[in-house]
Structure formats: structure tokens, C-alpha cells
Amino acid sequence: MNGIQLMQTCFRSILRNRMRSLLTSLGVIIGVGSVIIMVALGQGSQRAIEEGMTAMGTNLLQIMPRRQINRGGQAQMIRLSSFTRGDLEKLKTESSYAAAISAVVNLNFNVIGSHGNAQVQVLGVEPEYLTARNYRVNEGIFFGPEDLEARNRVAVLGRSTAAALFGNPEDALGERIRIGTNHFTVIGLLESKGTGLGGMDQDDVVMVPLDTAMARLNNAAGINQIVMSIIGKEYMDAASREARLILMESRGISHEANADFDIMNQADMIDMASATSRTLSNLLAAIAGISLLVGGIGIMNIMLVSVTERTREIGIRMAIGGRRRDILFQFLTESVILSLMGGLLGITMAFVSCHLLSRSGIPTAISPLIVSVSALFAALVGAVFGYYPALKAAKLYPIEALRYE
């Protein structure tokens, strides 16, 4: 029997019982589809995490005062003293890896506009904050050093905040908003950055000059945070060590264990989040892959039934000259075709499901590699679980097979 005859015989046998063939392949359909969907969800989540972290700033270091608590005179973790102007200036002067450095005063206020009000995060920052945190001004301008020096009451709004306060974000330019008891003029709108990690809206923000925030809103000399963007990812660790040493010297700290601040490395955070996402994705794919094995057992079961049902047919073929290897290849090919059909239907199901998930806002990313591996694994499942029934069919004795009722 040549290859074409073998395929024709196998397809006739499969199509003779269409419903049974479909149900036989169901386990493989679900298995392949589930594996691809789980991996696509994991990779989509990983990509979303990386994009969200990158949107927060490129090659970013975030430096924050450590928390400390007092319980019975013993140190515990409450916010300690903030950074000083001296700390900031020393860091700007001595850091050799920084592309941009900005102090941050982080406040929360009920901000009032002409069309509404909202509880908003108000950031007192320096002009370098745009570079450090990868923000861009979409319309208008950002405040400059002269605004800091003069403590001008000007503000730049995120688009979500502008929409909440003025209805149409574009209407905010040149208008006035009230933050606490102070009125600020809107001079710019930030480019939309969308939702970040944890579902936080990165466009729900008001930025004002650092000195203005400290003098008119915060009424304090302390700085809540320092952000630094580094000239290259390869310098992140060196920049972190250097910043730690500079701040320790500035704050009079002799031993690293006594440091009263923490430095968060954005690259490490991205790597950690990505590794966690990959681990979870692999775990989910492994769990989904179990259904492939269940599907393989289903194929073996049906092929054994098929051998029993077609015993006389096998006997007749052997009696007229059919070789054992022809019988073996026929049943093995049927098993592989059933499994491959299930794999292709599973891939189709995965593509449709991922498309629907993406449209509903859940990030997915289908990998061509995992699709190819799933299809090959489906064929392998058919070959492995179909071999025993095929071997059983090939070992039948012609006389006994012809006598089978």
C-alpha cells in the first residue's frame, strides 16, 4: 500500500464515524487550545508588565526615605526625615551615571476646575522629571527653572484629570484650577500614558513646580522622593551603588546597614515581574497540558474499540496479501490524523479565544513557537497513544480474525 492509498483509507475510516472522531479528538482540542491560551495570557501579561514599567520611566532609580516606627523607645518603621536640598544637590553634582534627576513632593488634594472636582495626586517636581519618568507634553508647555525660582502657580495636567475638571481636556489650557486655597494656571497637557501597574491611571495627575508645592501647598522643606534616569541599562547597578554612597555621605551615615533610605532599581523590578509572570505562565501551561494526556488516552481507547470492530476487515486484508506493517501503519496513521485534527481545531479555538480576550481588554500574545510545538506535540500524542492499538491490530492472526463475530 502506497502513501496515497494509506491516507485515503485512513480518511474514509475517520469520516465514516464523524461524530465519534470529533469526540475522540475533543481532549486534544481542549488540551492544545488551553496550552496556547494559557501561554498567550502569560506572555501578554508579561508584555503588559514590561510596557507598564517602561512607561514609568526608562532605566529608572527611585530613592525614598525608609520608614521607621517607635514602640516603647525602640526603632520600628514610620516615615523618617525626608531628603534635603543638600542631598539633592550633592546627588546632582556628584552622580556620574545620571541622565536626569528630579526631586518629588507627593501630595493629595481635592482639585477644583470649571466643570468639576476630583481627588488627585499632585506632584511637585522639577523640569527634569519629564525625562526621568518618560513623560511628554502633548499640548502647551512644561514649566521651567524660572517657574521654580519664582514659585509660579502654574500646573500641567494629565489627560484624565483635565477631562474630570474641564470636560474636554483641550479646554483646560489657559484655565485656572484650585488646589487647596491656591489658584494655578494650566499651561500644559501631558501625553496620555494609560493604565500602569496595579490598574493605576497614570494620566490622573497634576504637576506643579517643586518650590511652589513646597512653599504654597506642603509648607515643608522635606522632599518625599528622588527619581533618577540612568544613561544606560548596563550602568544601573553601578549607578545605584554610587547614589547610595553619595547620599550616605550627605546624610552622615557611616555604615550601609544604617542607611535611612531605599533605592528601587527599575530594571530589577522589570526582571522580577517578568520572571514571576513566566513562572506562572509555565505552570498554567503545564496544568493545561495534562488535558493533552487525557486526550491521548481517549484516542487510545477509541482506537482499541476500532480494532475490535474491524477485526474481520483486518483478517480479510491479511488473507488477500496485506502485510502486518500495512495494518500497523494504517491504524497508527489514523491515530495521528485524529490527534492532528484535534490539534488544528484547538489552535483555531485558541486564536478565536485570544482575539475575544484582547478585544475585552485582557492582554494576550500568541507565540508562533508555542503554536508549532503544540501541533507537533498533538501529533506525538497520536503516535504514542495510537501505537499499542495499531500493534494489537497488526498482531492479529488472519484465521482468528476471519472467524471473529
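Let's start at Arg151. This residue is partly exposed, with a relative accessible area of 43%. Keep in mind that we are looking at a predicted model. Where does Arg151 sit? It is found in the loop between helix H5, residues 145-150, and strand S7, residues 154-157. Its backbone deserves a look too. Phi of Arg151 is near 55 degrees, a positive value in a residue other than glycine. Most residues other than glycine have a negative phi.

Now, which residues gather with Arg151 in a patch of positive charge? They are Arg153, Arg176 and Arg216, and the patch is on the surface. Take Arg216. Its place is in helix H7, residues 210-218. Arg216 is partly exposed, at a relative accessible area of 36%. Patches are made of residues with over 30% relative accessible area and no salt bridge. At 36%, Arg216 is therefore over that area cut-off. At 43%, so is Arg151.

Another residue with a positive phi is Asn134. Here phi is near 60 degrees, and again the residue is not glycine. Asn134 lies in the loop between helix H4, 129-132, and strand S6, 137-140. Is Asn134 buried, exposed or partly exposed? It is partly exposed, with a relative accessible area of 25%.

Keep strand S6 in mind. We move to salt bridges. How many does the structure hold? The count is 9. Let me walk you through some of them.

Begin with Lys90 and Glu249. Their side chains meet in a salt bridge, at 3.5 Å from N to O. Lys90 lies in helix H3, residues 85-94, and Glu249 in helix H8, residues 236-250, so this pair ties together parts that are 159 residues apart in sequence. Look at how each partner is covered. Lys90 is buried, with a relative accessible area of 17%. Glu249 is exposed, with 56%. Why does Lys90 count as buried? Because buried means under 20%, and Lys90 has 17%.

Stay with helix H3 for a moment. Thr93 is found there as well. Thr93 counts as exposed, at 65% relative accessibility. Now pair Thr93 with Ile246. The two are 153 residues apart in sequence, yet 9.9 Å apart in space, C-alpha to C-alpha.

Next, Arg159. This arginine has a salt bridge with Glu139, at 3.9 Å from N to O. Arg159 lies in helix H6, residues 159-166, and Glu139 in strand S6, so the pair ties together parts that are 20 residues apart in sequence. Glu139 counts as partly exposed, at 22% relative accessibility. Arg159 itself is buried, with a relative accessible area of 17%.

Arg159 also meets the side chain of Glu170 in a salt bridge. What is the N to O distance there? It is 2.4 Å. Glu170 lies in the loop between H6 and strand S8, 176-179, so this pair ties together parts that are 11 residues apart in sequence. Glu170 is partly exposed, with a relative accessible area of 35%.

There is a network, too. Asp87, Arg251 and Asp260 are linked in it by salt bridges.

On to the strands. Which strand pairs with S12, residues 261-265? Strand S1, residues 60-65, does. The two run in the antiparallel sense, over 5 bridges. Find Leu61 on your screen. Leu61 stands opposite Asn265 in S12. Now look at the two faces of S12. Phe261, Ile263 and Asn265 make the covered face. Asp262 and Met264 make the uncovered one. Why the alternation? Because in a regular strand the side chains alternate between the two faces of the sheet.

Last stop, a nonpolar patch on the surface. Its area is about 550 Å². Its members are Met19, Leu22, Leu23, Leu26, Ile30 and Leu345. Which helix gives the largest share? Helix H2, residues 18-55, gives 5 residues. Leu345 has its place in helix H11, residues 324-359. Leu345 counts as partly exposed, at 41% relative accessibility.

To recap the patches: one is positive, with arginines such as Arg151 and Arg216. The other is nonpolar, and helix H2 provides the largest share of it.

Terms used: Residues are numbered from 1 along each chain as its sequence is written. This is a predicted model: local features need pLDDT of at least 70, side-chain atom pairs count only at pLDDT 80 or more; totals for chains, interfaces and linings use all residues. Side-chain values use heavy atoms; hydrogens and water are left out. Patches are made of residues with over 30% relative accessible area and no salt bridge: like charges are joined within 9 Å, nonpolar side chains (Val, Leu, Ile, Met, Phe, Trp, Tyr) within 5 Å. Accessible areas come from the Shrake-Rupley method with a 1.4 Å probe; for residues, only the protein chains shown count as cover. A salt bridge is a side-chain nitrogen of Lys or Arg within 4 Å of a carboxyl oxygen of Asp or Glu. Lys and Arg count as positive and Asp and Glu as negative; His and the chain ends are not counted. The place of a charge is taken as NZ of Lys, CZ of Arg, CG of Asp or CD of Glu. Helices (H or I, at least four residues) and strands (E, at least two) are DSSP runs, numbered from the N terminus. Buried means under 20% relative accessible area, exposed over 50%, partly exposed in between (1.4 Å probe, protein chains only). Two strands pair if DSSP finds at least two bridges between them.
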